[in-house]
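Subject: the model we talked about

Hi,

Here is the structure I promised, with my notes below it. Have a look at it first and then read on.

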Amino acid sequence: MSANGSQSVVTVDAEPYEYEFDPAQTALLIIDMQRDFLEPGGFGEMLGNDVSQLRRTIEPNKVLLAAWRAAGLQVFHTREGHRTDLACLPPAKKIRGRSKTTIGDPGPMGRILVRGEAGHDIIAELYPLPNESVIDKPGKGAFFATDLHAILQNRGIKNLIVTGVTTEVCVNTTVREANDRGYDCLVPSDCAGSYFPEFHEMGLKMIKAQGGIFGWVTHSSKILEAMKAKSLLTA
Ligand code: TIU
């Protein structure tokens, strides 16, 4: 029996203290594991970023996603990008960075961060199944200008395991947005990544500081361990 009195509750060893979730009310939310951010030759690398810092998250995400699917739990994926007519692209976002090549321009894998283009799609290793909702978001946070909150409410979701890239940008923004909407968020550190290791570290510290001001942080092995302890996973 857990602290909240339910037998179905899973308890994960986490920081700043244990994280409890009811699997039926908990979704895995994978943020922006898109080709343009992760693949060599993509937009991220074109901007001079070290994609290996993000690619180390692929394997742990694969394992966690497989476990989540095997347990029959809900999965959501997000993609950062814009309509083909760029109507949802704020002019400020278009020109930010003073780069020669910006969002909407032809890039190494199609038009950069435009929906339907190859680079905008999710990497093959974590490709969504037909029953898994994909949320197309124009901003950094997954709740801004999307139907994510409504979908999560319709599905009875109260807890989110948030993974993906990048830790300090889209993962952090989404966790903050989710927290303000009443969701308890847990971030497995090995399943999130940043082009900048120091931002990854600080991004996680910001989430779990002050008694878990935005949420909890753990390692994916702790989530798997806790699921096995509740017989949600057999292997
Ligand atoms: N998904 C996400 O984090 N979008 C970004 O633009 N991240 C950067 O770190 N640039």
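Let me start with a question: is Thr78 buried or exposed? This is a predicted model, so that goes for everything below. Thr78 is buried, because its relative accessible area is 0%, and the cut-off for buried is under 20%. You'll find Thr78 in strand S4, which covers residues 74-80. The side chain of Thr78 has a partner too: a polar contact of 2.7 Å links it to the side chain of Asp32.

Hang on to Asp32, since this residue turns up again around the ligand.

Arg79 belongs to strand S4 as well. With a relative accessibility of 18%, Arg79 also counts as buried, and its side chain makes a polar contact of 2.8 Å with the side chain of Asp136.

Now the ligand. Which residues surround it? They are Asp32, Phe37, Glu80, Lys140, Val165, Thr166, Val169 and Cys170. The ligand sits in the largest pocket. Three of the polar pairs are worth clicking on:

- Lys140: an N or O atom of its side chain is 3.0 Å from an oxygen atom of the ligand.
- Val165: here the backbone does the work, with an N or O atom 3.1 Å from a nitrogen atom of the ligand.
- Thr166: a polar side-chain atom lies 2.9 Å from a ligand oxygen atom.

As for how much of the ligand is covered, it exposes 280 Å² when taken alone, and the protein buries 82% of that.

Stay with Val165 and Thr166 for a moment, as the link between them is a cis peptide bond, with omega at about -15°. Most peptide bonds are trans. Thr166 is in the loop that runs from strand S8 (159-165) to helix H7. There is another cis peptide bond between Glu15 and Pro16, where omega is about 10°. Pro16 is in the loop between strand S1 (10-12) and strand S2 (19-21).

Follow the chain on from Thr166 and you get to H7, residues 167-180. H7 has 14 residues and spans 18 Å from first C-alpha to last, close to the 20 Å expected. Which of its residues are buried? Thr167, Cys170, Val171, Asn172, Thr174, Val175, Glu177 and Ala178 are. If you wonder about the spacing, residues three or four places apart in an α-helix point the same way, because there are 3.6 residues a turn. Cys170 is also one of the residues around the ligand. Just after H7, Gly182 has a positive phi of about 95°.

A last stop for the backbone. Most residues other than glycine have a negative phi, so where are the exceptions to look at? One is Leu86, with a positive phi of about 60°, in the loop between S4 and helix H5 (91-95). Another is Ala145, whose phi is positive and near 60°. Ala145 is in the loop between strand S7 (133-137) and helix H6 (148-154). Ala145 counts as exposed, because its relative accessibility is 55% and the cut-off for exposed is over 50%.

If you have just a minute with the viewer, go to the ligand and then to the Val165 to Thr166 bond, which is cis.

Cheers

Technical notes:
Residues are numbered from 1 along each chain as its sequence is written. This is a predicted model: local features need pLDDT of at least 70, side-chain atom pairs count only at pLDDT 80 or more; totals for chains, interfaces and linings use all residues. Side-chain values use heavy atoms; hydrogens and water are left out. Helices (H or I, at least four residues) and strands (E, at least two) are DSSP runs, numbered from the N terminus. The expected span of a helix is 1.5 Å times one less than its number of residues. Buried means under 20% relative accessible area, exposed over 50%, partly exposed in between (1.4 Å probe, protein chains only). A residue is near a molecule or strand if one of its heavy atoms lies within 4 Å of it. A polar contact is a pair of N or O atoms within 3.5 Å; within protein, one must be able to donate a hydrogen and the other to accept it, and residues adjacent in sequence count only if both atoms are side-chain atoms. Accessible areas come from the Shrake-Rupley method with a 1.4 Å probe; for residues, only the protein chains shown count as cover. On a 1 Å grid over the protein atoms alone, a cavity is a set of points where a 1.4 Å probe fits but cannot get out, and a pocket is an open set with protein on both sides within 12 Å along at least five of seven lines; lining residues have an atom within 4 Å of a point. A molecule sits in a cavity or pocket if more than half of its atoms lie within 2 Å of its grid points.
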